[in-house]
Amino acid sequence: MSTPDPVAQALADFPQNIKLKDGRTLELKPARVGNKSAIVKFAKGLDEQDLLFLRVDITQPEVVDNWLQNIQAGETISLLAWDDKQVVGYATVDRNSARWTRRMGEIRVNVAPEFRALGLGRHLIGKIFDLARRLGLQKIVAHMTPDQIGAQNAFAKLGFRPEALLANVVEDRDGNIHDLTILSYDI
């Protein structure tokens with residue numbers, strides 16, 4: 001008898017609908033290989049400020065291919081927020097299979113500008129946080145720059161606390177250097 005897939009079990013409750021503060025309903029679905037063009041379109045709709053601090057440039061189709069390969073391999077779980085037929089946000093938890101970090105995950109969230117301040121980011125963070133917990137992760141981290149106040153507040157509401165401030169480690173697309181804040185949550 002085969003062992004159940006923990007990722008499939010964690011995602012068994014999806015798709016799910018969520019209601020935003022303005023009354024709109026969005027659908028949250030696990031990211032799949034067939035979502036590549038919708039993800040690239042979402043990324044290309046972000047403004048330059050949003051793109052400055054992405055770990056990888058998801059406006060590039062080959063980068064999205066790599067992301068989707070990590071999803072297929074079970075190293076990454078991503079939820080996409082859909083408004084009709086377009087992606088308007090995502091949340092991701094990346095896991096590392098290295099023995100010494102296998103119980104830690106990193107959460108990343110991004111929301112289209114027109115869907116901010118409507119509760120979508122909070123919903124996405126909460127859902128991906130629950131998935132990380134179901135996968136048995138014991139510590140979750142989120143990386144951001146100190147000026148990303150809205151993101152820090154959303155994570156703080158879930159109990160994340162600042163753990164480290166690393167000076168001058170983030171380089172944006174223009175070559176400017178920024179600090180990095182690491183927030184964490186011990187499950």
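How many salt bridges does a search of the whole structure find? The search finds eight salt bridges, and the structure in question is a predicted model.

## The sheet

An open sheet of eight strands, with mixed pairing, has the order E1-E2-E3-E4-E5-E6-E8-E7. The edge strands of this sheet are E1 and E7, each of which pairs on one side only. On average, and with direction ignored, neighbouring strands are turned by 25 degrees against each other.

Where E1 meets E2, the two strands run antiparallel and are joined by four bridges; in this pairing Asn17 stands opposite Glu27 in E2. The hairpin of E1 and E2 has five residues between the strands, and Gly23 takes a positive phi near 95 degrees there. E2 also pairs with E3 in the antiparallel sense, again over four bridges, and the bridge partner of Leu28 in E3 is Ala81. Further along the order, E4 and E5 pair in the antiparallel sense over seven bridges, with Ile107 in E5 as the bridge partner of Val93.

## The two faces of strand E2

Which side chains of strand E2 (residues 25-30) point to one face and are buried, and which point to the other and are not? The side chains alternate along the strand: Leu26, Leu28 and Pro30 are buried and point to one face, whereas Thr25, Glu27 and Lys29 point to the other face and are not buried. Two of these residues have already appeared in the pairing of the strands, since Glu27 stands opposite Asn17, while Leu28 has Ala81 in E3 as its bridge partner.

## Helices packed on the sheet

Helix H2 (residues 36-44) has the buried residues Ala38, Ile39, Val40, Phe42 and Ala43. What covers these buried residues includes two helices, H3 (48-52) and H4 (61-72), together with the strands E3 (76-83), E4 (86-95) and E5 (104-111). Returning to the pairing of E4 and E5, which is antiparallel over seven bridges, one finds that H2 packs on the sheet and touches E3, E4 and E5, with its direction making about 105 degrees with that of E4. H4 packs on the sheet as well, touching E3 and E4, and the direction of H4 makes about 115 degrees with that of E3.

The two helices can also be described in relation to each other. Two packed helices are described by the angle between their axes and by the distance between those axes. The axes of H2 and H4 come within 10 Å and cross at roughly 125 degrees. H2 is therefore oblique to H4, and the crossing of the two helices is right-handed. The residues that meet here are Lys36, Ile39 and Val40 in H2, and Pro61, Val64, Asp65, Trp67 and Leu68 in H4. Ile39 and Val40 are thus named both among the buried residues of H2 and among the residues of H2 that meet H4.

## Salt bridges that link distant parts

Side chains of opposite charge can pair when their charged atoms come close. One such pair is Asp13 and Arg134, whose side chains meet in a salt bridge at 3.0 Å, N to O. This pair links distant parts of the chain, 121 residues apart, with Asp13 in the loop between helix H1 (6-10) and strand E1 (16-19), and Arg134 in helix H5 (residues 120-134). Asp13 counts as partly exposed at 45% relative accessibility, and Arg134 is partly exposed too, with a relative accessible area of 42%.

Another salt bridge is formed by Lys139 and Glu163, with the closest N and O atoms 3.2 Å apart. Here too the pair links distant parts of the chain, with Lys139 in strand E6 (residues 139-144) and Glu163 in strand E7 (residues 161-171), 24 residues apart. Lys139 is partly exposed, with a relative accessible area of 21%, and Glu163 counts as partly exposed at 48% relative accessibility.

## A network of salt bridges

Asp94, Glu106 and Arg108 are linked in a network of salt bridges. Within this network, Glu106 forms a salt bridge with Arg108, and the closest N and O atoms of the two are 3.7 Å apart. Is Glu106 buried or exposed? Glu106 is buried, because its relative accessible area is 10% and buried means under 20%. Its partner Arg108, by contrast, is partly exposed, with a relative accessible area of 25%.

Conventions:
Residues are numbered from 1 along each chain as its sequence is written. This is a predicted model: local features need pLDDT of at least 70, side-chain atom pairs count only at pLDDT 80 or more; totals for chains, interfaces and linings use all residues. Side-chain values use heavy atoms; hydrogens and water are left out. A salt bridge is a side-chain nitrogen of Lys or Arg within 4 Å of a carboxyl oxygen of Asp or Glu. Buried means under 20% relative accessible area, exposed over 50%, partly exposed in between (1.4 Å probe, protein chains only). Contact means heavy atoms within 4.5 Å. Two strands pair if DSSP finds at least two bridges between them. Axes are lines fitted to C-alpha atoms, for helices over the stretch in contact, and angles run from 0 to 180 degrees between N-to-C directions. Angles under 35 degrees count as roughly parallel, over 145 as roughly antiparallel, 65 to 115 as roughly perpendicular and the rest as oblique. A crossing is left-handed if the near helix is turned anticlockwise from the far one by less than a right angle, and right-handed if clockwise.
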